[in-house]
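Colleague: I would like a close look at a single part of this protein. Please take one or two residues and describe their surroundings, then say how they fit into the whole.

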Amino acid sequence: MMLFCFGFSVVYSSASTSFAQPSGISLSPDLKEVYIADSESSSIRALDLKTGGSRLLAGGDPVFADNLFRFGDHDGLGSEVLLQHPLGVLCGKDGQIYLADSYNHKIKKLDPASRRVSTIAGTGKAGFKDGVALTAQLSEPSGIVEAENGNPPFYNMPHFLH
């Protein structure tokens with residue numbers, strides 16, 4: 001089964017779903033999709049649990065999903081976003097998707113409805129420095145957890161520890 005909806009770049013296709021290196025996974029609040037951090041393609045994808053098809057939410061290459069050379073650090077919308085080796089992904093109680101953009105040393109937030117990505121923690125320079133979110137230094141964050149009250153504290157496990 002294939003569903004193509006052009007203009008908003010929504011393409012679900014179980015025949016063409018592939019991942020370069022799926023690393024993080026989180027279930028959507030409605031239990032209909034799984035959000036996946038595909039680290040080697042530097043993208044965040046949604047997998048439809050009913051059809052098995054996937055669609056690009058942010059980063060990566062919108063035409064050739066297996067392109068491993070489209071990465072960087074740029075916030076924005078959908079495929080204009082550049083990530084670099086995202087490892088962790090968490091769909092929060094607020095419905096937003098939080099991701100550990102590992103090689104950019106940042107935590108970013110993705111709105112699944114608009115596909116807008118914005119940096120919420122980290123300077124982009126590797127380090128271990130506490131501070132207000134955008135002044136804190138992280139070193140290759142790889143996982144994210146959420147507190148019971150819905151505030152997402154960020155778990156910064158250095159890449160070399162796992």
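Modeller: What follows looks at two serines and then at the protein around them. The model is a predicted one.

Start with Ser26. This residue lies in strand S3, which covers residues 22–27. Is Ser26 buried or exposed? Its relative accessibility is 10%, and buried means under 20%, so Ser26 counts as buried. Which residues does Ser26 touch, once its neighbours within four places in sequence are left aside? The contacts are Glu33, Val34 and Tyr35, together with Val89, Leu90 and Cys91. With Cys91 there is also a polar contact to describe: a polar atom of the Ser26 side chain lies 2.8 Å from the backbone nitrogen of Cys91.

Cys91 leads on to a sheet, since strand S8 spans 86–91. In that open sheet 5 strands are arranged in the order S7-S11-S10-S9-S8, with antiparallel pairing. Strand S8 and strand S7 (76–77) are at the edges and have a single partner strand each, so one side of each has no neighbour in the sheet. Elsewhere in the sheet, strand S10 (residues 106–110) pairs with strand S11 (residues 116–121) in the antiparallel sense, over 4 bridges. As one position to find in the picture, Lys108 has Thr119 in S11 as its bridge partner.

The second serine is Ser43, in strand S5 (residues 43–48). Ser43 has a relative accessible area of 2%, so this residue is buried. The side chain of Ser43 makes a polar contact of 2.7 Å with the side chain of Ser41. Leaving aside neighbours within four places in sequence, Ser43 is in contact with Ile36, Ala37 and Asp38, with Leu56, Ala58, Gly59 and Gly60, and with Leu83 and Pro86. Pro86 brings us back to strand S8, which runs over 86–91.

Strand S5 also holds residues 43–48, and so includes Arg45 in its range. The charged end of Arg45 sits over the ring of Phe19, at 4.7 Å from the ring centre. As for pairs of aromatic rings, a search of the whole structure finds 0.

Now the whole protein. It has 11 strands and 0 helices. Of its 162 residues, 47% count as buried. Among contacts with a separation of 6 or more, 38% are between residues 24 or more positions apart. The accessible surface is about 8,200 Å², and carbon and sulfur atoms account for 58% of that surface.

How values were computed. Residues numbered from 1 in each chain as written. Predicted model: local features only at pLDDT ≥ 70, side-chain atom pairs only at ≥ 80, totals over all residues. Heavy atoms only, no water. Pairing = 2+ DSSP bridges. Helix = DSSP H or I, 4+ residues; strand = E, 2+ residues; numbered from the N terminus. Buried < 20%, exposed > 50% of the residue type's maximum accessible area, 1.4 Å probe, protein only. Contact = heavy atoms within 4.5 Å. Areas by Shrake-Rupley, 256 points an atom, 1.4 Å probe, with all protein chains shown as cover. Phe/Tyr/Trp six-rings, centres within 6.5 Å; stacked < 30°, edge-to-face > 60°. Lys NZ or Arg CZ within 6 Å of the ring centre and 35° of its normal. Polar contact = N/O pair within 3.5 Å; in protein donor to acceptor, adjacent residues only side chain to side chain.
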